[in-house]
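Student: Could we go through this model together, one question at a time? I would like to see how each answer is reasoned out.
Tutor: Happy to, so let us bring it up.

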Amino acid sequence: MSAAQAEGRIRISEQHGIVYVLLHIARDQNLIQKHGQALGQPIEVEWVRLSGGPAINDALLSGSIDIAAAGIGPLLNIWDKTRGKLDVRGVASLGSFPNYLISHNPKVRGIEDFTDRDRIALPAAGTSVQARILQLAAARKWGEANYRKLDALTLTLPHPDAAAAIISNSPDITAHFANSPFQEQELAANPNAHIVLNSNDVLGGPSSATVLYATERFRSRNPKTYAAFLAALQEAAQIARQDPEAAARAYLRATGASTDKALLLSVLTQPEVRYDLAPRNTHVLAHFMYRVGAIQNEPRSWQDYFFADDAVQGGS
């Protein structure tokens with residue numbers, strides 16, 4: 001029996017950052033197992049730590065994981081490549097968190113100020129959601145023919161390592177397109193660190209930069225496991241909305257991080273953060289990627305690259 005047929009087993013990728021807090025809550029509270037029991041289906045849950053969209057997409061395609069957790073950019077790449085084959089689509093948003101492009105170079109106040117002496121750290125250069133947002137910002141600044149204008153300055157580095165470089169004023173890494181809580185740690189720890197770009201300004205408001213996705217085969221062959229996973233996410237989102245303290249504790253227990261809890265709470269309760277499973281403001285990036293040839297299939301709406309489940313209705 002293949003992994004996709006093994007009802008009662010689910011393997012979920014996880015990455016660095018509190019943007020994955022709904023998964024941290026589900027893991028900490030055993031919510032997937034809880035909802036599986038309610039459906040009469042015991043579920044074995046395995047968590048796989050990976051970093052970067054390409055590694056996660058490779059794991060999903062190889063059958064090493066069942067649920068991928070990454071940026072909307074990697075989802076669009078794998079949706080495009082597997083359409084009519086494995087048919088990978090989005091399962092749910094992990095909520096809306098802003099991503100900040102932060103620099104410790106005092107001369108850089110906008111993306112037009114970067115020079116060949118700057119280096120911008122990203123979780124996956126060229127393909128991560130941060131990379132795609134930077135490309136969209138470049139396209140608006142210099143025209144779509146020049147959307148890769150800043151790509152030569154980017155390099156791949158996990159968020160924790162990039163944050164350490166910004167905090168220490170590293171001459172080798174002068175900017176980091178980050179996520180929470182690393183961006184907040186950088187701003188708090190280094191007086192030279194400042195925001196150059198806010199993803200919400202590029203995408204037109206709070207957006208679902210981080211999403212979950214899976215193959216159609218896993219979804220269709222494991223209906224109870226899939227339903228339990230969605231129910232667990234919905235309960236985790238409710239906990240995050242109603243009890244940020246509990247969400248912060250779950251993050252710390254699930255990750256083993258030593259992040260200051262007060263800083264975590266400031267992130268979890270900021271007005272820009274939303275906890276819902278429906279994707280928000282994703283199509284603007286999807287259509288941009290199609291226009292510049294980063295994906296070959298045109299996504300006419302967000303529903304093209306998300307499964308039609310009740311939990312995600314009303315997205316964009």
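Tutor: Two strands pair if DSSP finds at least two bridges between them. Helices (H or I, at least four residues) and strands (E, at least two) are DSSP runs, numbered from the N terminus. This is a predicted model, where local features need pLDDT of at least 70, side-chain atom pairs count only at pLDDT 80 or more, and totals for chains, interfaces and linings use all residues. Residues are numbered from 1 along each chain as its sequence is written, and side-chain values use heavy atoms, with hydrogens and water left out.

Student: In which sense do strand E5 and E9 pair?
Tutor: Strand E5 covers residues 100-103, and 4 bridges link it to E9. Leucine 101 stands opposite leucine 197 in E9. The sense of the E5 and E9 pairing is antiparallel.

Student: Which strands stand at the edges of the sheet?
Tutor: The open sheet has 5 strands in the order E7-E6-E8-E5-E9, with mixed pairing. An edge strand has a single partner, so one side of it is left without a neighbour in the sheet. Those strands are E7 (154-156) and E9 (194-198).

Student: Which helix packs on the sheet, touching E5, E8 and E9?
Tutor: Its direction makes about 30 degrees with that of E5. Axes here are lines fitted to C-alpha atoms, for helices over the stretch in contact, and angles run from 0 to 180 degrees between N-to-C directions. Contact means heavy atoms within 4.5 Å. The helix is H7, residues 182-189.

Student: How wide an arc do the buried residues of H2 cover around the axis?
Tutor: Buried means under 20% relative accessible area, exposed over 50%, partly exposed in between (1.4 Å probe, protein chains only). In H2 (residues 31-38), the buried ones are Leu31, Ile32, His35 and Gly36. Taking directions from the helix axis to the C-beta atoms, they lie on the same side of H2, because their arc is only 135 degrees.

Student: What covers the buried residues of H2?
Tutor: Both strands and helices take part in the cover. It includes strand E1 (9-14), helix H1 (21-28), strand E2 (44-49) and helix H10 (223-242).

Student: How many of the 11 residues of helix H4 are buried?
Tutor: H4 spans residues 72-82 and is largely enclosed by the rest of the structure. Among the buried residues are Trp79 and Asp80. What covers them includes helix H5 (129-142) and strand E10 (210-215). The count is 10.

Student: How far apart are the axes of H3 and H4?
Tutor: The two helices pack at an angle of about 40 degrees. The contact is made by Gly53, Asn57, Leu60 and Leu61 of H3 and Pro74, Ile78 and Thr82 of H4. The distance between the axes is 10 Å.

Student: Which side chain makes a polar contact with that of aspartate 309?
Tutor: Aspartate 309 lies in the segment after H13 and counts as buried at 12% relative accessibility. A polar contact is a pair of N or O atoms within 3.5 Å; within protein, one must be able to donate a hydrogen and the other to accept it, and residues adjacent in sequence count only if both atoms are side-chain atoms. At 3.0 Å, the partner is tyrosine 226.

Student: Is arginine 274 buried or partly exposed?
Tutor: Arginine 274 is found in the loop between H12 (261-268) and H13. The C-alpha atoms of arginine 274 and glycine 95 are separated by 5.5 Å. At 43% relative accessibility, arginine 274 counts as partly exposed.
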